Amino acid sequence: MIAPFDYHAPASLGEALELLDRYGEDAHLMAGGTALVLLMQQGLVQPGHVVGLRNVDQLQGIRSLDDGGLELRALVTHRQAERSAQVQSYAPVLAETFSRVATVRIRNQATIGGNLAHADPAQDPPPMLIALDAQAVVASRQGRRRIPLDEFFLDYFETALQPGEVLVAVELPPQAADARLTYKKFLPRTQDDYATVSVAARLRLGDDQRCEEIRVALGAAATVPVRARNVEKALHGQLLSPDTIREAAALVRDEVDPLDDLRGSAGYKREMARVWTERALLELLAR
Ligand SMILES: Cc1cc2nc3c(=O)[nH]c(=O)nc-3n(C[C@H](O)[C@H](O)[C@H](O)COP(=O)(O)OP(=O)(O)OC[C@H]3O[C@@H](n4cnc5c(N)ncnc54)[C@H](O)[C@@H]3O)c2cc1C
């Protein structure tokens with residue numbers, strides 16, 4: 001049973017920030033409610049004040065930026081992002097990543113801001129957004145700040161968001177036309193499950209065919225999404241071949257730190273992290 005609480009429906013970001021300030025630790029933000037309501041039902045979160053964000057227009061919308069980047073505001077649902085022409089034209093694989101979240105019913109309700117703030121390490125968008133060098137835009141009554149997404153996740157269900165802060169948007173930089181992108185979600189159980197392991201990767205080759213830019217990020221592989229920096233370092237500047245990729249992908253074993261759970265043992269997931277990293281990179285090389 002959910003403990004009683006007062007529900008507030010601010011009509012502006014300023015009003016929402018003012019409510020967070022007024023009620024401090026007793027206040028909790030709610031967007032789509034798909035994660036929060038479950039936590040409240042289990043008694044893991046028991047706020048005296050729930051601040052519903054749904055009426056805050058400033059948190060709605062998807063915008064292509066003048067420099068070719070993309071802004072996804074916090075209340076955009078996964079379904080809106082999946083079907084958005086702007087997201088498609090920015091990077092079709094980003095739209096595909098949003099389409100891999102749970103079921104249509106959840107995607108219609110769950111928001112991008114809620115997904116990132118919830119910080120379950122098995123979620124789909126974070127590794128892809130990290131591979132795209134996204135930044136979180138965060139507001140408080142003191143002003144705004146930007147947090148690179150690979151520094152946003154601190155621990156299991158813990159982010160760099162401070163009390164009194166609202167995640168306003170995610171900003172993505174322009175992508176080079178020749179950037180190759182992929183998202184792999186390993187789903188041995190059912191299509192609508194959380195990933196057993198997921199891998200997002202971005203590769204750009206220079207004129208000499210050497211690896212000029214590389215990003216590799218994994219989900220469900222530790223208490224936070226993991227940016228595989230050693231894999232990236234091993235490939236950067238190299239002439240890529242299946243052998244160099246195989247050797248680099250093996251390094252991911254020491255970069256992940258998976259948890260034992262119903263989707264597999266830590267040892268199995270470590271091995272799957274290697275396998276899916278190698279597959280993702282081989283696919284990008286072959287394009
Ligand atoms: C059955 C089921 C299956 C799922 N499967 C998947 C899956 O396959 N892949 C996947 O990626 N995810 C999956 N999810 C997780 C889902 O993506 C999250 O529940 C959802 O994205 C949370 O968004 P929300 O808008 O509902 O957030 P809420 O539940 O409203 O909030 C979640 C948390 O974020 C905070 N919050 C919300 N908005 C903001 C904001 N703007 N600023 C600061 N804090 C904020 C809230 O205070 C709360 O702590 C699944 C969830 C369910 C229930």
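Which polar side-chain atom lies 2.7 Å from a nitrogen atom of the ligand? In this predicted model, the atom belongs to Asp-124.

**Figure 1. Polar contacts of the ligand with Asp-124, Gly-33 and Ala-102****.** The contact of Asp-124 pairs a polar side-chain atom with a nitrogen atom of the ligand, at 2.7 Å. The contacts of Gly-33 and Ala-102 involve the protein backbone instead. A polar backbone atom of Gly-33 is 2.8 Å from an oxygen atom of the ligand. For Ala-102, a backbone N or O atom is 3.1 Å from an oxygen atom of the ligand. On its own, the ligand has 970 Å² of accessible area, and the protein covers 89% of this area.

**Figure 2. The shell of residues around the ligand****.** The ligand is surrounded by 31 residues, of which Leu-29, Ala-31, Thr-34, Thr-111 and Asp-124 come nearest. By class, 18 residues of this shell are nonpolar, 10 are polar and 3 are charged.

**Figure 3. Helices and strands that contribute to the ligand shell****.** At least two residues of the shell come from each of strand E2 (27–30), helix H2 (36–41), helix H7 (112–118) and strand E10 (166–172). Helix H7 gives the most, with 4 residues.

**Figure 4. The largest pocket, whose space is taken by the ligand****.** The volume of this pocket is about 1,500 Å³. Its lining consists of 49 residues, and His-28, Ala-35, Gly-114, Ala-117 and His-118 lie nearest the pocket centre. The lining is made up of 24 nonpolar, 17 polar and 8 charged residues.

**Figure 5. Helices and strands in the lining of the largest pocket****.** E2, H2, H7, strand E9 (158–159) and E10 each supply at least two lining residues. Helix H7 provides the largest share of this lining, 5 residues. H7 also gives the most to the shell around the ligand.

**Figure 6. The second largest pocket****.** This pocket has a volume of about 200 Å³. It is lined by 16 residues, and those nearest its centre are Asp-120, Pro-121, Ala-122, Tyr-156 and Asp-261. The lining divides into 11 nonpolar residues, 1 polar residue and 4 charged residues.

Methods. Residues numbered from 1 in each chain as written. Predicted model: local features only at pLDDT ≥ 70, side-chain atom pairs only at ≥ 80, totals over all residues. Heavy atoms only, no water. Near = heavy atom within 4 Å. Polar contact = N/O pair within 3.5 Å; in protein donor to acceptor, adjacent residues only side chain to side chain. Areas by Shrake-Rupley, 256 points an atom, 1.4 Å probe, with all protein chains shown as cover. 1 Å grid on protein atoms, 1.4 Å probe; cavity = no way out; pocket = protein on both sides within 12 Å on 5 of 7 lines; lining within 4 Å. Sits in = over half its atoms within 2 Å of the grid points. Nonpolar A, V, L, I, M, F, W, Y, C, P; charged D, E, K, R; others polar. Points joined across faces, edges and corners; volume = space filled by probe spheres on them.
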